[in-house]
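Visitor: I'd like a walk through the charged pairs in this protein. Can you show me the structure and tell me how each label is earned?

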Amino acid sequence: MSVINHPSPNFEPRRTGVVDMLIFHYTGMENGEAALARLCDPQAKVSAHYLIEDDGRIFALVPEDQRAWHAGQAFWHGETDINSRSIGIELVNPGHEFGYRAFPEAQIAALISLSLGILGRHPIPPRNVLGHSDVAPTRKQDPGEMFPWKDLAESHGIGLWPCGEAVFIPPEHVVLAGLAHVGYDIWDPKAALTAFQRHFRPWKVDGLVDEETIGRLRALHRILR
Ligand SMILES: [Zn+2]
C-alpha cells in the first residue's frame with residue numbers, strides 16, 4: 001500500500017480526544033483530480049483524511065490526529081461533532097449525481113488496507129464504521145448502495161453486517177426506537193429508514209418498512225457492540 005502525501009490546509013485541532021468513528025464517502029464529482037483539488041482548496045472549506053483513486057492510489061490529505069471537514073451537519077448516537085471523533089475517507093466515484101458506479105477492485109483493496117491500519121491505531125468499534133448517509137440521512141447518499149459493506153464486514157472484520165431473520169412488523173414507534181438504538185437521527189423517520197437500508201439492505205432502498213428490513217434491524221441489534 002503506497003500513500004501519497006498531498007496535504008490539505010482544511011483542518012483544525014480535534015475538539016475531543018477520542019477518535020472512535022470511521023466514515024466512508026464518495027467524492028460525487030466527475031473525476032478524482034477535481035475532487036482532490038476541491039478537498040485542498042481553502043475556499044471550499046472541505047477535506048477528508050484520505051482520498052482513494054479508482055486505481056487504488058491513496059492520497060493523505062489531513063493528519064489523523066487533526067479534525068478534517070468531511071461530515072458536516074451530522075449525528076450519531078447523540079453526538080453531533082462527528083468530525084472531531086472520526087477519520088474520513090473519500091472514494092473517487094461520480095456518485096448518484098454524475099453516474100454512480102461500482103467501486104473498482106483496486107480501490108476497495110486499498111480501502112481495506114487503509115481501514116485495517118486505521119482500526120489498529122484508534123479504538124473504533126465495528127458499529128461506528130459508517131457511511132456519510134448514516135450520519136447525515138436527510139442530506140447524503142454516499143458511499144451508496146454499491147459500497148461493499150457485506151464483504152468488508154464478513155471477510156475483513158470492518159464494520160457490521162447482520163444476517164437477516166424473518167419477523168413480524170412492529171408499530172412505527174418501535175421501528176424508530178430501533179433505528180435510534182443503532183445511532184440514527186430519527187428526526188426524519190423516512191430518511192433514517194432509507195439510510196439504514198442503504199447501508200444494511202442495499203438491494204432495496206425504498207424507505208418503506210417491510211419484514212426484511214425489520215429482520216435486518218433486529219439482527220443488527222444482536223451484534224451491536
Ligand atoms: Zn460524504
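What follows is a short chat about salt bridges and burial.

Guide: A heads-up: this is a predicted model, where local features need pLDDT of at least 70, side-chain atom pairs count only at pLDDT 80 or more, and totals for chains, interfaces and linings use all residues. Residues are numbered from 1 along each chain as its sequence is written, and side-chain values use heavy atoms, with hydrogens and water left out.

Visitor: Why is the contact between glutamate 12 and arginine 15 called a salt bridge?

Guide: The term asks for a side-chain nitrogen of Lys or Arg within 4 Å of a carboxyl oxygen of Asp or Glu. Here N to O is 3.4 Å, so the pair qualifies. By that rule the count comes to 15 salt bridges.

Visitor: What makes arginine 15 exposed or buried?

Guide: Buried means under 20% relative accessible area, exposed over 50%, and partly exposed in between (1.4 Å probe, protein chains only). Arginine 15 has 55%, so it counts as exposed. Its partner, glutamate 12, has 21% and is therefore partly exposed.

Visitor: How do you know that arginine 67 and aspartate 81 form a salt bridge?

Guide: Their closest N and O atoms are 2.9 Å apart, so they meet the cut-off. Arginine 67 is at 9%, so it's buried, while aspartate 81, at 21%, is partly exposed.

Visitor: What about arginine 201 and aspartate 206?

Guide: At 3.9 Å between the closest N and O atoms, that pair is a salt bridge too. Arginine 201 has 1% relative accessibility, so it counts as buried. Both belong to a network of salt bridges that also links Lys204, Asp210 and Glu212.
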